[in-house]
Amino acid sequence: MKNTVRVLLFTALIGVSIYLLQNVTGSISSEWLLTAVTVLFTFSIIFIGFVIFLENRKPSQTITWLVVLGSFPLIGFLFYLVFGRNVRKRKLFDRKALVDEKIMFEIEGNHRSYEDKIDLMGDHQQMLFNLAHRLGHTPISFATRSKTLTNGKETFDHIFSEIEKAEHHVHLEYYIVRHDEVGCKLKDLLIKKAKQGVEVRFLYDSVGSWKLSKSYIKEMQEAGIDVVSFLPVKMPFLNNKVNFRNHRKIVVIDGTAGFVGGLNVGDEYLGKDAYFGFWRDTHLMVRGEAVRTLQMIFLQDWYYMTGENLVKKEYMTPTVQLEEHEGGVQIIAGGPDNKWEVIKNLFFSMITSAKDSIWIASPYFVPDEDILSALKVAALSGVDVRLLVPRRPDKKIVFYASRSYFLELLEAGVKIYEYKEGFMHSKIVIVDYELASIGTANMDMRSFHLNFEVNAFLYRTRSTQKLVNDYEKDILDSHEIILDEFEKRPFRQKLFESMSRLLSPLL
């Protein structure tokens, strides 16, 4: 039995005992009862603190939890029940990790057929590929055509166009799906294809899409669409599944076309939200071999939630084979089911391998100590390190936690830009103008440690050059934060930044 459950049962048992004694004997005063409850609660907090200490977490996480429990006992106690229990490598995802690794190895094997082309890559690219292959068990493809899609209109136009052409199946996996104009357009199109005999499977995150109406889901199900929610949470404060979310955005059509990137399904991604205004985002379309990896990731998530094994030839073999194209594409999935922090380690490898430049765009920037140190060392070494973030917050605690890291980064020589033309939601890392990552992972601890994510790593592709061009344009549409000006920000802002940073390991 888990330690936290023991604490709850122990607390409840003594609480019930005190209640019964008071009502049966009438001999316990209210003052004595209050004292007993306080002592009981204190012992529960101490016990949880001891459990956290024995879990050998990172020192920053341990200290943060102890401070939160000590400073705000009641809130900290409830917060720990929801977010603090470290079950990442326990029963919740053990089965998924074993099945995923086994199936991926059976399908892809060692996949060393491109060794001659890998040898022609730069040293740091070879190192990243070997690391990615070892951690993610997925191959690099030189027979994949990738296309960078800039913002919502171009992205949804391409997705809807490909779905219209679907003949066998459409697989979709999203963190956020909204019952609004673009959401209804997608729903109607999927229903149309289902009625044409196309297999449609729709996997959405139960927390990210908690506002999605039952009528939206029911309408699709009645049309024959398989709709499944990922890790549904009925009682959040008694279920730690709420902390492990599927943040992936995947679309696969007929095994020949795939999409991955930063855009969910909602009108705000088309710039129709009055608060955010223009929405700056980036997505990627792929054709060829890399689509099979996206398909594998979807099918493994589907199997985890439904028990339905769809790893079959009709889903795994693209009907259209492309000739080899310039550059390599590698799709990597990361999540709490991985033994290693896959996305974080690959980002770290990219940063430490840079010789000329490191350009990062992330709406949420809450790095751990490894990433933070790597960025500062790179900047101090003369590498052109740039960070592009939103100027307007959507989550204030994360927004100010991000800014708590700015001073030390600026002092190290990192250039920081705030996007001023709307809300910046792109999740991009570009190294030395030729190596890039685009996907669902932010540069934050939640993406590194808690969320299920998926990124495409690009090696000297034409889509990489498009990312470089778009980033340069975004810089022109941004305000650079200057060290002298930043140091003069109001004291209340500094205070809120520090308070928010204290929660960084929990965000």
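Student: The expected span of a helix is 1.5 Å times one less than its number of residues, so how far apart should the ends of helix 13 be?

Tutor: This is a predicted model, in which local features need pLDDT of at least 70 and side-chain atom pairs count only at pLDDT 80 or more, while totals for chains, interfaces and linings use all residues. Residues are numbered from 1 along each chain as its sequence is written, and side-chain values use heavy atoms, with hydrogens and water left out. Helix 13 has twelve residues, 342-353, which should span 16 Å, and its end C-alpha atoms are indeed 16 Å apart, in agreement. Helices (H or I, at least four residues) and strands (E, at least two) are DSSP runs numbered from the N terminus.

Student: Is helix 13 largely enclosed or open, and why?

Tutor: Helix 13 is largely enclosed by the rest of the structure, because nine of its twelve residues are buried. Buried here means under 20% relative accessible area, with exposed over 50% and partly exposed in between (1.4 Å probe, protein chains only). Among the buried residues of helix 13 are Val342, Leu346, Phe347 and Met350, and the list also includes Lys344 and Ser353.

Student: OK, switching to strands: how many residues of strand 6 are buried?

Tutor: Five of the five residues in strand 6 (257-261) are buried. Ala257, Phe259 and Gly261 cover one side, whereas Gly258 and Val260 are buried on the other.

Student: Which strands does strand 6 join, and in what sense?

Tutor: Strand 6 runs antiparallel to strand 5 (residues 250-253), with four bridges, and also antiparallel to strand 8, with five bridges; two strands count as paired if DSSP finds at least two bridges between them. On the strand 5 side, Ile250 has Val260 as its bridge partner, and on the strand 8 side Phe259 is matched with Met285.

Student: What phi does Asp254 take in the hairpin?

Tutor: Asp254 takes a positive phi near 55° in the hairpin of strands 5 and 6, which has three residues between the strands.

Student: And which strand pairs with strand 8 over seven bridges?

Tutor: That is strand 1, which pairs with strand 8 (residues 282-288) in the antiparallel sense, with Leu149 bridged to His283. Strand 1 (residues 144-150) is largely enclosed by the rest of the structure, because five of its seven residues are buried.

Student: What about the open sheet of eight strands, in what order do they come?

Tutor: The order is 9-18-16-15-10-12-13-19, with mixed pairing. Strand 9 (328-334) and strand 19 (478-481) stand at the edges with a single partner strand each, so one side of each has no neighbour in the sheet.

Technical notes:
The expected span of a helix is 1.5 Å times one less than its number of residues.
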